[in-house]
Amino acid sequence: MTTITGGHLAAKYMQEVEKVRIVFTLSGGHIENILDGFTQYGIKTIDVRHEQAAAMMAHAWSIYNNEPGVCLVTAGPGFTNALTGIANAHLDNAPLVVLCGRHPLRDDLTGALQEMNQVDMVKPITKWCATCYDVKRIPEYLNIAFRQATMGRPGPVFLELPPDILFAPTALEAVSIPARKHHKSVVSPDSTELEDAARLINEARRPIFMGGSGVGFSNSRQSLAALIEKTGIPFALLNNGRGTLPDSHTLCINDGGFTSIMTGLPQADVIVAAGIRFNWVLQSGKLFPNAKVIRIDNDPTEIDRNRPATVGLAGDCDAVFKQLLPMVDDRDHSEWIGKLRKAYAAFMTTELAQRENPSHPIHPNRLVARIMEVFGDDAYYVADGGDTSYFGLAGFLSQHKSGVQVPAGSLLGCLGTGIPFAMAGKLSHPDKPVIVLNGDGSFGFNSMEFDTCVRHNIPIICIVNNDCAWGMIKHSQEISLGEDRCTCSELGMRHYEKMVEGLGGYGELVEKDEDIIPAIERAVQSGKPACINVVTDPTVTSPATVIFYQNFTGL
Amino acid sequence: MRFSILLFALAQILKIASFSNSRFKAYINKAQTRILIKTADGKRARLFVFDKGKVSSISGDRKDFDAALVWRDAATGFSVMTSKYPDASFNAAAEGKLSVEGMSVYAQWLEDGLKLII
């Protein structure tokens with residue numbers, strides 16, 4: 001008879017069946033045995049300094065690798081610290097598997113250390129949550145958790161593992177380990193709906209394709225390329241769909257950032273929206289009142305949300321693209337695309353000039369352009385902040401899937417995501433540069449993770465767009481309250497680069513345009529996790545602030 | 001001349017709407033922005049100032065704007081701004097007859113506001 005503890009059994013199942021390679025965690029007494037199991041079964045662990053970062057890194061891992069991201073946190077504060085990251089994954093539909101410690105079952109209602117009802121707290125922000133009560137059923141519970149996270153519309157799941165079962169020995173022969181099955185049945189749209197969609201595409205004169213996270217999660221690179229290139233439709237890929245086709249594709253309009261979308265959508269006669277929600281970012285679909293809209297989503301309830309679709313196709317993006325491909329005509333929309341490009345360039349006159357011309361203080365658009373000069377599109381970029389997210393989204397271009405990530409721009413608007421996302425990006429693509437453009441405000445949330453970067457040799461390059469303020473809030477307050485009444489939005493000049501140096505990384509302060517590129521090059525040469533603290537113009541406001549402010553003007 | 005008159009007339013329409021059109025009043029209630037409309041040579045220009053519900057305008061070319069709609073010439077500006085076609089501005093931009101300096105989001109804001117009153 002072979003004896004195995006619950007923690008080791010969990011690790012064995014995850015390694016052998018779910019093929020888990022890495023777990024993001026922070027240690028704790030309740031979860032010691034499962035951590036030891038990871039050592040036993042060769043699962044890499046990245047231990048962070050705050051559980052929020054563990055959840056965010058696991059979330060990001062799922063995006064960069066198209067597989068579930070796993071984090072393990074301890075009970076009580078470990079759990080509550082992770083909640084922001086779980087909520088972010090929930091609103092982002094990311095397949096995050098959260099394993100969590102708990103006070104012992106035997107101590108229920110006795111006032112045990114960290115005794116609290118975690119499951120009820122996490123229920124509204126997970127797709128599925130449960131507590132496992134029997135050591136022999138750990139693999140079964142994990143099997144359910146991974147299926148729930150990944151099947152249909154993805155989302156975070158939460159499994160509570162009490163120490164009574166993690167430390168408990170059991171006979172391995174008595175445990176049933178379920179296989180990971182991949183069923184071939186899929187949800188598919190009706191043929192008449194496919195025909196309707198194809199007819200709209202074939203008759204379109206000014207079409208635009210928008211792809212979101214559903215495109216990214218569906219492994220649709222080949223089918224999307226075939227559909228786009230056959231129909232000749234200009235496209236923008238957003239959220240976790242960004243980079244499914246490279247930004248340099250001749251039909252891609254991502255080079256115009258949000259301006260190209262805001263300019264193009266109101267002019268489009270047909271919009272194909274795949275795996276993307278019409279939420280506040282897209283003004284709930286009000287941007288294009290007259291367009292005919294084809295919506296593709298694996299969740300049928302999403303198709304008419306906020307804006308009724310002309311045709312709704314329920315199904316996985318990759319499968320639907322393949323179904324549409326033989327039904328659509330070879331088209332050439334180069335005249336429309338040329339017009340669209342010229343129009344959005346005309347609306348970006350100042351932005352394009354800011355990228356080209358040095359200024360003092362440094363303009364954030366110029367900073368982004370200089371970063372792109374160093375790394376080009378063979379790199380992974382993350383932007384994090386309010387205005388900083390806009391500047392990154394507008395200026396970064398990448399040839400890689402998920403090569404430009406702006407996680408703070410998703411529904412939770414969660415600042416602090418940048419450093420954990422960049423770390424997961426670097427772990428996923430160790431041979432490529434990974435750059436995070438951080439606002440100085442958002443830098444504060446997870447900057448202690450530079451310690452994690454140093455301990456685990458994760459040489460990300462963080463460039464702080466330092467305007468000495470919570471810029472988006474400050475500039476909104478200047479409009480709403482007046483410049484003399486701004487409150488709680490100033491940060492002051494801080495030497496974040498010295499903080500990173502103190503943690504064992506590389507740091508430099510930059511105040512002049514001509515120093516940006518040399519400083520970045522020295523950071524790369526150092527081979528260390530690096531922070532380049534760039535002092536930028538504190539008076540600069542981004543269009544995102546205006547939209548953010550307008551969103552509250554009706555209140 | 002017609003373009004300058006159009007800009008002057010637009011200023012009067014905006015002012016009247018700012019206290020007579022309830023939807024427009026609500027729209028500009030919290031806005032604080034300066035939008036310039038001008039010809040590329042700067043000879044014809046008017047700055048529209050929106051200050052939390054109040055609208056005013058100043059004739060002449062200026063630099064202190066949040067966004068500037070720059071028309072290639074006065075005739076183009078007049079014909080596009082008085083066009084009944086919703087895609088007239090887009091087409092003008094695509095044809096090099098219109099550019100936006102500063103933050104185009106404010107220009108879009110003005111265009112959406114004008115739809116409420118014209």
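Which residues does A:Ile371 touch, not counting residues up to four places away in sequence? In this predicted model, A:Ile371 is in contact with A:Tyr381, A:Phe396, A:Ile435, A:Leu437, A:Ile463 and A:Ile520.

These contacts lead to the interior of the structure. A:Ile371 is one of the residues with the most contacts inside the largest nonpolar core, as are A:Phe209, A:Leu324, A:Ile463 and B:Phe50. This core has 126 residues. Its largest share, seven residues, is supplied by helix 1 of chain B, which spans residues 2-20. Another core, of 51 residues, lies apart from it and includes A:Ala60, A:Tyr64, A:Ala82 and A:Val434. As a general rule, nonpolar side chains in soluble globular proteins tend to be buried together.

The strands of chain A may be considered next, beginning with strand 2, residues 22-25. A:Ile22 and A:Phe24 point one way from this strand, whereas A:Val23 and A:Thr25 point the other way. Such a pattern can be understood because side chains in a regular strand alternate between the two faces of the sheet. In strand 2 of chain A, all of these residues are buried.

Strand 2 of chain A has parallel pairings with two strands of that chain. Four bridges join strand 2 to strand 3, residues 44-47, and A:Thr25 has A:Asp47 as its bridge partner in strand 3. Between these two strands, the chain passes through helix 2, residues 32-41, in a β-α-β crossover that is right-handed. Strand 2 also pairs with strand 4, residues 69-73, over three bridges. There, the bridge partner of A:Phe24 is A:Cys71.

Conventions:
Residues are numbered from 1 along each chain as its sequence is written. Chains are lettered from A and ligands numbered from 1 in the order in which they are written. This is a predicted model: local features need pLDDT of at least 70, side-chain atom pairs count only at pLDDT 80 or more; totals for chains, interfaces and linings use all residues. Side-chain values use heavy atoms; hydrogens and water are left out. Buried means under 20% relative accessible area, exposed over 50%, partly exposed in between (1.4 Å probe, protein chains only). Two strands pair if DSSP finds at least two bridges between them. A crossover is right-handed if, with the strands pointing away from the viewer, the path from the first strand over the helix to the second runs clockwise. A nonpolar core is a set of buried Ala, Val, Leu, Ile, Met, Phe, Trp, Tyr and Cys residues joined through side-chain atoms within 4.5 Å. Contact means heavy atoms within 4.5 Å.
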